[in-house]
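Please open the structure in your viewer and keep a selection box ready, since this tour moves from one selection to the next. At each stop you will be told what to select and what can be found there.

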Amino acid sequence: MKPVKVGICGLGTVGGGTFNVLIRNAEEISRRAGRKIIIEQIGTRSENPACDTSGMQLTTDVFEVATNPEIDIVVELIGGYETARELVMTAIENGKHVVTANKALIAVHGNEIFEAAQEQNVMVAFEASVAGGIPIIKAIREGLAANQINWLAGIINGTGNYIMTEMREKGRAFADVLQEAQALGYAEADPTFDVEGIDAAHKLTILSSLAFGVPLQFNKAFTEGISKITPQDVQYAEELGYRVKHLGITRRTDKGIELRVHPTLIPRDVLLANVNGVMNAILVDGDAVGQTLYYGPGAGAEATASAVVADIVDVVRTLTADRDNRVPHLAFQPSELSDAPILPVEETTSAYYLRLQAVERPGVLAHVTRILGEKGINIEAIIQKQTTEAQVPVIMLTQRVEERMMNEAIREIEALPDILGEIIRIRVELLAD
Ligand code: HSE
């Protein structure tokens, strides 16, 4: 059979890893794919010292790769939104199949890209866009195809998880740890994407569409980062038997779909609570299988390349299959996508950890609990630390309640004269059912 020719756009961390894996494992990969896979051209503005590209056809213009008539598969690894979108659309217009690791691109422009790909009868594969080397897209789209997925919750940003782990285990400062994650090549070009949860929201948007068969709706994802988490909250959570993790959670409810990324208290003994450092993990709850957990490296050159190359192999294997019988981009047939609404965060429910600073005076807690009671909020646990100061931190765990009611309660409690400053609120998930 004729070899399949790929063009790699971008030779940074993931591009370099992909190049090296394709070269090093060429023989075994072609035994799996059934065809030889040749790197025909590389589009990159700068060389990667980790790659020996001697004898390769290089260009600084990635669009040359997207229009090269020799190339069958364009591998987009340049990242970012706009140029990547243009590149992928050009490749599709030119009849190329596309493999990408770009979560921002898929989360924001995926609907348009898939439609164009469908029209041109080409494939767009994006396994590496979520959780690096973990084959979570394949697992949801194919392995769990029998299930109605109820919810999934994941640690899907390695940098954020690394920061939270180091803060908890070593009491290290936030900025310090972030700098280290950048040096290790894990952090996004703009680290606020990691710290403020945008990167995780990109990935969760993709997972949610795959789980529930809805179009990609990144703009409806609720996103809260880790920058406000203090070592104090991490410590109180531990005392209560919980751990703070930055989670992406998507859940099917009667009213619509929850799509939210935020720091979350989860019981210390669940597996997800023990996923540390830069590792990623996704817990999926399906009606037939129950809970399954997917764990592994969510970033890094060759770990991500593992998913990119698997996609190339998939494309090569599918090249001869009829278009209507290929695995659909969003797991469900395009005509079967549902219009279930994505819920505003006010309409989602969760339990809450609250930390408030109260004046040390009789009756203050009574006011607080009255307000919670009026909003139908049940208190699960409460800690008031002994102090000789005039003010005292009070920590509470509540049962599940609609976020709207919690917002109202927090507004009223913050307005009490004996409550000082803002109330810290972290959502709590038991991940049990
Ligand atoms: N910045 C991302 C992370 C890289 O830290 O998980 C992989 O998408």
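## First stop: Glu-188 and its surroundings

Begin by selecting Glu-188, which is partly exposed, with a relative accessible area of 23%. What you have open is a predicted model, and the UniProt record, in an unreviewed entry, places the feature "binding site" at Glu-188. If you follow the backbone on either side, you will see that Glu-188 lies in the loop between α8 and α9. Now show the neighbours of Glu-188: leaving aside residues up to four places away in sequence, Glu-188 touches Lys-103, Phe-193, Asp-194 and Asp-199.

## Back along the chain to helix α8

Next select residues 174–183, which form helix α8, and colour Val-177, Leu-178 and Ala-181, the buried residues of this helix. Looking down the axis of α8, you will find these buried residues within an arc of 105°, so they line one face of the helix. On the other side of α8, select Ala-175, Gln-179 and Ala-183, which are exposed. To see what lies over the buried residues of α8, add α7 (158–170) and α9 (192–195), which are included in their cover. Before leaving, pick Gly-185 just after α8, where the backbone takes a positive phi of about 80°.

## The domains

Now step back and colour the chain by its division into domain 1 (4–133 + 301–336), domain 2 (136–297) and domain 3 (350–428). The centres of domain 1 and domain 2, taken over C-alpha atoms, are separated by 26 Å. Where these two domains meet, 24 residues of domain 1 are in contact with 25 residues of domain 2.

## The open sheet

For the next selection, show the strands of an open sheet of 6 strands, whose order is β3-β2-β1-β4-β5-β6 and whose pairing is parallel. The edge strands of this sheet are β3 and β6 (124–125), each of which pairs on one side only.

Which strand is joined to β1 (residues 4–9) by 6 bridges? It is β2, running parallel to β1, and if you select Val-4 you can look for its bridge partner in β2, which is Ile-37. Select the whole of β2 (residues 37–43) as well, since this strand is mostly covered, with 6 of its 7 residues buried.

Towards one edge of the sheet, 2 bridges join β2 to the parallel strand β3 (residues 58–59), and Gly-43 has Thr-59 as its bridge partner in β3. Towards the other edge, strand β5 (residues 97–100) is joined by 2 bridges to β6, again running parallel, and there the bridge partner of Val-99 is Ala-125.

## The nonpolar cores

Now turn to the interior and select Ile-92, Ile-136, Ile-206 and Ile-282, the residues with the most contacts inside the largest nonpolar core, which has 53 residues. Among the elements that give two or more residues to this core are α5 (103–120), α6 (136–143), β7 (149–155) and β11 (279–286), while α10 gives the most, with 8 residues. With the domain colours still on, note that this core draws at least three residues from each of domain 1 and domain 2.

Zoom in on Ile-136, and show Glu-127, Val-130, Ala-131, Leu-207, Ile-282, Val-284 and Tyr-294, which Ile-136 touches when residues up to four places away in sequence are not counted. A second, separate core of 29 residues can be shown afterwards, and it includes Leu-22, Ala-33, Ile-37 and Cys-51. Ile-37 should already be familiar from the sheet, as the bridge partner of Val-4.

## Last stop: towards the end of the chain

Finally, select Ser-350, which lies in strand β13 (residues 349–359). Is Ser-350 buried or exposed? Ser-350 is buried, with a relative accessible area of 1%. Around Ser-350, and not counting residues up to four places away in sequence, show Arg-260, Gln-399, Arg-400, Val-401, Arg-427, Val-428 and Glu-429, which Ser-350 touches.

Then select residues 353–427, which the UniProt record lists, in an unreviewed entry, for "domain: ACT". Over this stretch the chain is 31% helix and 43% strand, and if you draw a distance between its end C-alpha atoms, you should find them 6 Å apart.

Conventions:
Residues are numbered from 1 along each chain as its sequence is written. This is a predicted model: local features need pLDDT of at least 70, side-chain atom pairs count only at pLDDT 80 or more; totals for chains, interfaces and linings use all residues. Side-chain values use heavy atoms; hydrogens and water are left out. Buried means under 20% relative accessible area, exposed over 50%, partly exposed in between (1.4 Å probe, protein chains only). Helices (H or I, at least four residues) and strands (E, at least two) are DSSP runs, numbered from the N terminus. Two strands pair if DSSP finds at least two bridges between them. A nonpolar core is a set of buried Ala, Val, Leu, Ile, Met, Phe, Trp, Tyr and Cys residues joined through side-chain atoms within 4.5 Å. Domain bounds come from an automatic or database domain assignment. Contact means heavy atoms within 4.5 Å. The arc is that of the directions from the helix axis to the C-beta atoms. UniProt positions are given in the numbering used here, feature names are shortened, and annotations may be inferred rather than shown by experiment.
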